[in-house]
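I opened a notebook for this structure and kept a short entry for each thing I looked up. The entries follow in the order I made them.

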Amino acid sequence: MEKAPHEEPDERLTVTPPKEWAAGVPAVTHALEYSLAETSVRRTGLTLLTMNQVGGIDCPGCAWADPSPGHRHLNEYCENGAKHINDEATSRRVTADFFRRHTVSELGRRSDLWLNQQGRLTAPMVKRPDADHYEPISWHDALGLLADELKALDSPDEAVFYTSGRVGNEAAFLLQLFARAFGTNNLPDCSNMCHESSGFALHQTLGTGKGTVSLEDIHHADLILVVGQNPGTNHPRQLSALEEAKGNGARIIAVNALPEAGLLRFKNPQEPRGVIGRGVRIADQFLQIRSGGDLALFQGLNRLLLEAEDARPGSVLDQDFIRSDTSGFEEFSRHARTVAWEDVLAATGLTRAEIEKVRDEVLRSERVIVCWAMGVTQQKHGVPTIREIVNFLLLRGNLGRAGAGACPVRGHSNVQGDRTMGVWEQMPDSFLDALRDEFGFEPPRAHGLDSVNSIRAMREGRVKVFVGVAGNFVRAAPDSDVTEDAMRRCGLTVHVSTKLNRSHTVCGRTALILPTLGRTERDIQATGEQFVTVENSMSEVHSSHGRLEPASKILLSEVAILCRLAARTLDGGAGIPWAEFEADYGTIRNRIARVVPGLHDFNRRVARPGGIRLPNPVNEGVYATATGKAMFTCNAWEMLHAPDGHLVLQSLRSHDQWNTVPYTDNDRYRGIHGSRRVVLVNPQDVTRLGLAAGQNVDLVSVWAGSADRRAENFTVVPYPTAPGCAAAYYPETNVLLPLDSVAESSNQPTAKGMIVRLEPTGESAGVIR
């Protein structure tokens, strides 16, 4: 039975064997059950039947690409997309009376699940200094309070403006425009914590921070490596693409520390064989790698490819491509040959035969794609790992041609679009010059603060105002206690949100909640109904049209909030037509077209079914690198080592979760039901550490030079993880991740490489198998 929204979960854990396949009829059933528990049959039908359709609502979940118009299913969504869209479309409401009944202190003790279950925010609220309740405030007064606080700062750099991939391109463009007109590049975003390593590595080696493949490339590849990724939960529609690739003859290799149901077998509920048959086996080979071993794996593969070329000169490497399109090959080749096999095998936990089998698959494949996600980016060596993946692709010319390339898979619907629109603390001068020429002001040039450095600055009192447009910064960020303490040191914290979350309970001296329209809702402005645009992982920009009536008559869109705030903060708007932008989003897109390369004639082109595919210079043979060519690199690494009695812990999502928000306490594919406070441990490690299934432990992380961090009361669940490695859910484990534990170059938190010990508490939970 669905829990009433005021109840906390009882956390009665039961464990069943992990699933060996994903989707199928249960996915449809669970999606509909959740959707109908949140809202009406009519609203569920309206959201699901228009979701990811031309002229419909773009899924606010993951950023996987849609099939071309004319090739989409009537039900072009996955289980988690259906849950996500109807979680936003919920009929539950959070009103002023709710905040009268609940103190901020009480809300701070509630779970993430409970907070999300309360429903949609409906009116602006303020928490005054020394108060423990939010109280109603008018839009005029709320925006005036924020504008006055910003204008009173000693420097614009005392404010940060954070956003997540939930916002559309128009709001993202206005956010960065306002911040820079105000005078700061402090534009942290969710990419800083999830995908930054991809951007840094790809910029260094290829001259672009984006992937190079299309959905058609996936469909027609000969070999696809899926590395550090769980599509069955995080990007379920990717499984349909992999199924089509398999039907066209592709082989697929999964590289992960845990077996993932979707990569074992996929039952596509859109196909008869997915309903009554066995479905399709996705991965032809599963490499169960140790956490942090991916760099060593690709270095071992690259050495094997070089040695194969030595044995059969001219038949293995694409020598013509290497000569014409790359630099640094000779130095890379010398370095790669020094990689010691004993180090590769120790770091990966694999056998040489397993790696040689991958080499053999590569040698029989003309077109190879490597997909990766946070299992790679959130490692200490995430940037060099992705550089080594690029080396692997360059060796056989698997870039810039059909059916081959690099595919970083973004996890939130418009996170890539945010970056295209300029939401980055390090935008290049070419973008800032275009902004200057279009709007007539000189943008600041000094790099701003990313997410980790924003927390450091708040902790040190250098940032006094935090403005978050979408997202749940407190729960997405590392080192939870440090992050919360830093937020509480601010004079003002502001969150533009659709639903209640933990960040609203971690307040500065004054705090504002500014409720906004969801992507599912109709957006009516002075010139009529508006739409927004988004960009998926494959650089396709298309429109999204809300279909539902707003959750409250007084909600403002993100665009309207930013335009009104900017006009009041900048005393008339610094010559920027904010009122015009609010009235007609087409005028925003006209200005974007003159600032952002590839979006010329934006309004006309995005109206076409399927939208716009942004150009990728790599596919044109253009590399904006230091050498003007794709760059081979030499990548040093140090094996991630857990001392005796410790494990390497990675955090991950449950199946019933999107980003920081769990929808239930279940993880159906992994067999976890009724609790999120579990730690998945290889059975051999359970025995070696003197533990038992169902035993309660505290997770204690070890970080050189700082005090140990503790996450209390987790239940040990034996699970087929890689030996020496463990896994647990975030955001519950973010408390274990030190703020200073970041990836080289990208400054991205290393959530896939925490060193922990498991300390028994003397209690036991009832684990049932």
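**Entry 1: backbone oddities**

I noted before anything else that the model is predicted. I then looked up Pro731, which sits in the loop between β32 (725–729) and β33 (754–764). The peptide bond that joins Tyr730 to Pro731 is cis, with an omega of about 15°. I wrote this down because most peptide bonds are trans, and most residues other than glycine have a negative phi.

The second half of that rule sent me to two asparagines. Asn52 is not a glycine, yet its phi is positive, at about 60°. I found Asn52 in the loop between α2 (41–50) and α3 (79–88). Is Asn52 buried or exposed? Its relative accessibility is 3%, and buried means under 20%, so Asn52 counts as buried.

Asn713 also has a positive phi without being a glycine, here about 65°. Asn713 belongs to strand β31, residues 709–718. Its relative accessibility is 35%, so I entered Asn713 as partly exposed.

**Entry 2: the largest cavity**

How many cavities of 30 Å³ or more does a search of the whole structure find? The search gives 11. The largest cavity holds about 690 Å³ of space. I listed 41 lining residues for the largest cavity, with His412, Gly471, Asn472, Asn659 and Thr660 nearest its centre. Three elements give two or more residues to this lining: α3, α9 (191–194) and β17 (492–497). Helix α3 has the largest share, with three residues. I sorted the lining of the largest cavity by class and got 19 nonpolar, 16 polar and six charged residues.

**Entry 3: the second largest cavity**

The second largest cavity holds about 370 Å³. Its lining is made of 30 residues, and Gly228, Met374, Gly375, Gln650 and Lys752 are the closest to its centre. The elements that supply two or more lining residues here are α12 (231–234), β9 (251–256), α21 (374–377) and β25 (647–652). Strand β25 gives the most, with three residues. By class, I put down nine nonpolar, 15 polar and six charged residues for the second largest cavity.

**Entry 4: a buried arginine and helix α10**

I looked up Arg387 in helix α22, residues 382–395. Which side chain of opposite charge is nearest to Arg387? It is Glu744, 5.7 Å away. A salt bridge needs the nitrogen and the carboxyl oxygen within 4 Å, so Arg387 is buried yet has no salt bridge. The Arg387 side chain does make a polar contact, at 2.8 Å, with the side chain of Gln204.

I then went to helix α10, which covers residues 196–206. Nine of the 11 residues in α10 are buried, so I described the helix as mostly covered. Among the buried residues of α10 are Glu196, Phe200, Leu202 and Leu206. Just after α10 comes Gly207, with a positive phi of about 85°.

**Entry 5: salt bridges**

Side chains of opposite charge can pair when their charged atoms come close. I counted 56 salt bridges in the structure. One of them joins Glu38 to Arg92, with the closest N and O atoms 3.3 Å apart. Glu38 is in helix α1 (residues 25–38), and Arg92 is in the loop between α3 and β3 (93–94), so this pair links distant parts of the chain, 54 residues apart. Both Glu38 and Arg92 are buried.

Asp656 pairs with Lys83, and their closest N and O atoms are 2.2 Å apart. This salt bridge also links distant parts of the chain: Asp656 is in the loop between β25 and β26 (657–658), Lys83 is in helix α3, and 573 residues separate them. Asp656 has a relative accessibility of 8% and therefore counts as buried. Lys83, at 2%, counts as buried too.

Glu106 forms a salt bridge with Arg110, the closest N and O atoms being 3.2 Å apart. Arg110 has a relative accessible area of 24%, so I marked Arg110 as partly exposed.

My last note is on a network of salt bridges that links Asp429, Asp433, Arg436, Asp437, Glu442 and Arg445.

Key. Residues numbered from 1 in each chain as written. Predicted model: local features only at pLDDT ≥ 70, side-chain atom pairs only at ≥ 80, totals over all residues. Heavy atoms only, no water. Helix = DSSP H or I, 4+ residues; strand = E, 2+ residues; numbered from the N terminus. Buried < 20%, exposed > 50% of the residue type's maximum accessible area, 1.4 Å probe, protein only. 1 Å grid on protein atoms, 1.4 Å probe; cavity = no way out; pocket = protein on both sides within 12 Å on 5 of 7 lines; lining within 4 Å. Points joined across faces, edges and corners; volume = space filled by probe spheres on them. Nonpolar A, V, L, I, M, F, W, Y, C, P; charged D, E, K, R; others polar. Lys, Arg positive; Asp, Glu negative; His and termini not counted. Polar contact = N/O pair within 3.5 Å; in protein donor to acceptor, adjacent residues only side chain to side chain.
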